[in-house]
Amino acid sequence: MSKIKKLLLVITIFLFLMFSICFPYQIISDYQDGMFVTEEELDTILENNLVVSSRIINVSADSEDKYNEYTIKYKLFNLFDIKKLKVNVIEPDRFFAGGDSLGFSLSSKGVVLIGGNYIISDKGIERPFEDSDLKSGDIILRINDEPINNVEDISDILKNHKGGELKLGVARNNEEFETYISPALDVLTKTYKLGLWVKEDAVGIGTLTFINVTTGRFGSLGHAINDSDSNTIIDVSGGNIYEGKILSVKRGENGRAGELIGTFSKENVIGSVDKNCEYGVYGYLDEPKEYVLGRMATEIGGRVSVTPGSAKILSCIDGQNIEEFDIEIIKTNFQSSCNEKSMVIRVVDKDLIARTGGIVQGMSGSPIIQNDKLVGAVTHVFVNDPTKGFGIYIDWMLEQ
């Protein structure tokens with residue numbers, strides 16, 4: 001055999017061995033430093049033949065977010081370091097899947113400016129809004145450095161106003177700036193007015209995703225509640241959730257999203273809201289153990305365990321009845337950071353399609369169950385095909 005052939009043979013064998021040995025690295029590359037996993041998913045990681053050690057390096061002392069932090073080392077030939085990562089292993093709190101219809105009432109930080117009107121003063125008609133740098137959709141956070149959370153806060157400042165400009169702290173497109181506005185003295189009431197139309201609270205209907213009975217924390221929607229005028233995420237100072245009831249359904253069609261028509265009474269408060277972000281609305285139930293009576297606890301399946309295939313969603317589309325519907329997960333996206341479009345789903349349940357057309361507004365937050373595990377939540381519908389939509393991995397919601 002010539003030297004060239006021998007060399008080619010050696011190279012071929014070497015490449016084959018390297019591929020065989022390093023193939024598992026393609027699997028471990030899916031795991032990201034700092035990610036949250038369940039105990040079952042940790043066992044899967046440790047089964048990899050490149051793992052040489054693992055140990056607990058920290059135990060969370062925060063009762064609202066319990067997890068153990070592990071460090072895991074990978075070596076090639078037990079000689080060369082390949083990878084070292086930390087994973088947060090979620091302790092087995094008792095989780096329950098939702099599916100309930102909820103009413104939301106969010107109090108924003110600041111008030112949202114939706115327009116303005118004129119004021120009749122002894123100088124004639126004055127228009128403070130038009131003469132200022134303000135725009136509809138701006139959020140007024142402060143006046144003369146005093147925090148503003150509602151219309152009453154503005155009225156209190158104007159009652160004591162003696163004339164001249166007011167300094168406003170304003171948020172626009174997630175950036176804050178200061179500007180000035182001159183109130184006008186109303187000739188009839190003899191009080192200063194800004195001539196601004198503002199709104200305080202946002203209300204809506206959505207679906208409960210999960211309840212952590214151990215901590216009382218809930219997650220819902222899978223996406224943020226936005227201000228309807230500015231289409232920006234409402235930065236909340238608080239809020240409540242209520243028992244909702246679905247009255248009717250506006251079916252979805254190609255090119256037009258459907259909608260659940262629901263109602264709620266503000267007398268039926270069941271919890272408080274403390275967070276509204278792009279991954280959902282979160283807070284605490286007042287009586288979590290009573291709220292889940294008669295339900296079965298569920299295991300959590302993180303993004304590592306989600307695969308294309310059959311699954312189910314839990315949703316309320318009539319009254320207060322939670323129903324189970326068949327779907328198919330048709331695509332899962334690799335994600336190393338939070339994103340509400342983690343997977344693509346398709347409704348295959350003929351009953352749900354007949355009643356709603358597929359996914360409709362108000363179903364956001366409906367839990368996705370695969371292999372008897374809570375793996376995610378419905379977030380968006382495809383407007384051109386209401387039988388399809390996006391879902392978010394439950395990992396991202398649990399981190400909130």
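# Chatting about a nonpolar core and its strands

Biologist: Hi! Which residues touch the most other members in the largest nonpolar core?

Modeller: Those are Ile313, Ile345 and Ile368, and the core has 36 residues. Keep in mind that this is a predicted model.

Biologist: Let's pick Ile345. What is Ile345 in contact with, leaving aside its neighbours within four places in sequence?

Modeller: Its contacts include the isoleucines Ile327, Ile329, Ile330, Ile359 and Ile368. Val378 and Phe390 are also among them, as are Glu328, Thr387, Lys388 and Gly389.

Biologist: And what lies apart from that core?

Modeller: Another core, this one of 20 residues. Leu102, Val273, Leu285 and Val292 are among its members.

Biologist: Now strands. How many residues of strand β23 are buried?

Modeller: Four of the five, so β23, residues 343-347, is mostly covered. β23 pairs antiparallel with strand β22, residues 322-332, through five bridges. To find that pairing on screen, look for Thr332, whose bridge partner in β23 is Met343.

Biologist: Which way does β23 pair with β26, parallel or antiparallel?

Modeller: Antiparallel, over four bridges. You can spot Arg346 opposite Lys388 of β26 there.

Biologist: What about β25, is it enclosed or open?

Modeller: Strand β25 covers residues 373-382, and seven of those ten residues are buried, so the rest of the structure largely encloses β25.

Biologist: How many bridges join β24 to β25?

Modeller: Four, and those two strands run antiparallel. β24 is residues 367-370, and its Pro367 has Ala377 in β25 as bridge partner. The two strands make a hairpin with two residues between them. One thing to look at in the turn is Asn371, which has a positive phi of about 55°.

Biologist: Nice. And how do β25 and β26 pair?

Modeller: They are antiparallel too, with six bridges, and β26 spans residues 385-393. Gly376 sits opposite Tyr393 in β26. This pair also forms a hairpin, with two residues between the strands.

Biologist: In which sense does β20 pair with β25?

Modeller: In the parallel sense, over two bridges, with β20 being residues 299-300. Ile300 stands opposite Leu374 of β25.

Biologist: Let's zoom out. How many helices and strands does the protein chain have?

Modeller: Six helices and 26 strands. The chain has 400 residues, and 45% of them are buried. Among contacts with a separation of 6 or more, 67% are between residues 24 or more positions apart.

Biologist: And what is the accessible surface of the chain?

Modeller: About 20,600 Å², with 49% of that belonging to carbon and sulfur atoms.

Biologist: Switching to cysteines: how many disulfides does a search of the whole structure find?

Modeller: Zero. As for individual cysteines, Cys277 has a relative accessible area of 12%, so Cys277 is buried. Cys316 is at 2%, so Cys316 counts as buried too.

Biologist: Last thing: what is the mean pLDDT of the chain?

Modeller: It is 82, and 81% of the residues reach 70 or more.

Biologist: Where does pLDDT stay under 50?

Modeller: One such stretch is residues 21-27, for which the model has eleven contacts beyond four places in sequence. Residues 57-65 are also below 50, with 15 contacts in the model beyond near neighbours in sequence.

Biologist: Why should I be careful where pLDDT is low?

Modeller: Because predicted coordinates should not be read in detail where pLDDT is low.

Note on methods. Residues numbered from 1 in each chain as written. Predicted model: local features only at pLDDT ≥ 70, side-chain atom pairs only at ≥ 80, totals over all residues. Heavy atoms only, no water. pLDDT = per-residue confidence, 0-100. Contact = heavy atoms within 4.5 Å. Disulfide = S-S within 2.5 Å. Buried < 20%, exposed > 50% of the residue type's maximum accessible area, 1.4 Å probe, protein only. Areas by Shrake-Rupley, 256 points an atom, 1.4 Å probe, with all protein chains shown as cover. Core = buried A, V, L, I, M, F, W, Y, C linked by side-chain atoms within 4.5 Å. Pairing = 2+ DSSP bridges.
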